[in-house]
Amino acid sequence: MKQSTYGALALVLAMTAACGSRGGANEPEQDVEGKCKTDPAIAATRAATPGESPNCLDAAVYQGLSDTCNAEHDPVACYFASSCVLVQYASLADDDPERGLHETAIMEGYGFACANQIAEGCVNRASFAEELLKAHPDRPDAATLQAAVCDGYRTACELGIEWDGCGRCIAGGCTGLTDQPAGS
């Protein structure tokens with residue numbers, strides 16, 4: 001993943017949004033197919049939750065994360081570099097030509113973290129893809145983004161993230177059950 005240095009970054013890191021209630025009518029249906037379930041063998045490989053978020057407003061901190069991600073392929077550095085790019089992305093106008101580059105960097109960084117068993121990277125990548133779809137459901141890459149949503153939540157679930165992984169996997173229509181529309 002190659003990222004360039006970005007200018008001033010926004011103040012708020014808010015990737016993983018709350019997603020409904022855990023009980024009552026908002027409770028997702030059971031996954032009878034077993035596609036959105038924790039796998040104890042996979043959960044045992046889960047990497048530690050990344051530590052405290054870095055100061056993304058400090059250009060040197062961001063550049064260090066980006067360099068470490070790119071040169072050393074460090075999944076934690078990639079996770080945090082993507083979080084910093086996400087802060088920048090949140091401040092861009094809808095017609096800013098940099099949006100596509102930011103989207104790619106965010107998806108790649110969180111995807112790399114996810115591939116290295118950082119479950120929070122899986123959730124953040126899926127959540128970002130889900131937000132992109134909600135904002136523009138007619139995007140040419142909608143099918144790819146929907147696959148990223150389901151893959152991310154499913155992987156986070158397998159790694160032991162119950163609500164933001166398994167719950168969002170089921171609620172997002174990722175079970176393949178016919179009574180749940182994809183992307184709902």
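Cysteine 69 counts as buried because its relative accessibility is 2%, below the 20% limit applied to that class. Cysteine 78 also has a relative accessibility of 2% and therefore counts as buried. In this predicted model, cysteine 69 and cysteine 78 are joined in a disulfide with a sulfur-sulfur distance of 2.0 Å. The torsion about the S-S bond of this pair is about 95 degrees, so the disulfide is right-handed.

The disulfide between cysteine 69 and cysteine 78 belongs to a set of six found by a search of the whole structure. With bonded cysteines counted along the chain, the connectivity of the disulfides reads 1-11, 2-5, 3-4, 6-7, 8-12, 9-10.

A disulfide is also formed by cysteine 114 and cysteine 122, whose sulfur atoms lie 2.0 Å apart. The S-S torsion for cysteine 114 and cysteine 122 is about 95 degrees, and the disulfide is therefore right-handed. Cysteine 114 has a relative accessible area of 12% and is buried. For cysteine 122 the relative accessible area is 0%, and this residue is likewise buried.

Cysteine 150 and cysteine 174 form a disulfide in which the sulfur atoms are 2.1 Å apart. The torsion about the S-S bond of cysteine 150 and cysteine 174 is about -80 degrees, so this disulfide is left-handed. Cysteine 150 is located in helix H6 (residues 142-158), while cysteine 174 is in the segment after helix H7 (162-171), so the pair ties together parts that are 24 residues apart in sequence. Cysteine 150 and cysteine 174 are both buried.

Positive phi values were examined in two loop residues. Histidine 73, which is not a glycine, has a positive phi of about 55 degrees. This histidine is situated in the loop between helix H2 (59-72) and helix H3 (75-90). Glutamine 117, also a residue other than glycine, has a positive phi near 65 degrees. The loop that contains glutamine 117 runs between helix H4 (99-115) and helix H5 (119-135). With a relative accessible area of 29%, glutamine 117 is classed as partly exposed, because this class covers values from 20% to 50%.

Methods: Residues numbered from 1 in each chain as written. Predicted model: local features only at pLDDT ≥ 70, side-chain atom pairs only at ≥ 80, totals over all residues. Heavy atoms only, no water. Disulfide = S-S within 2.5 Å. Buried < 20%, exposed > 50% of the residue type's maximum accessible area, 1.4 Å probe, protein only. Helix = DSSP H or I, 4+ residues; strand = E, 2+ residues; numbered from the N terminus.
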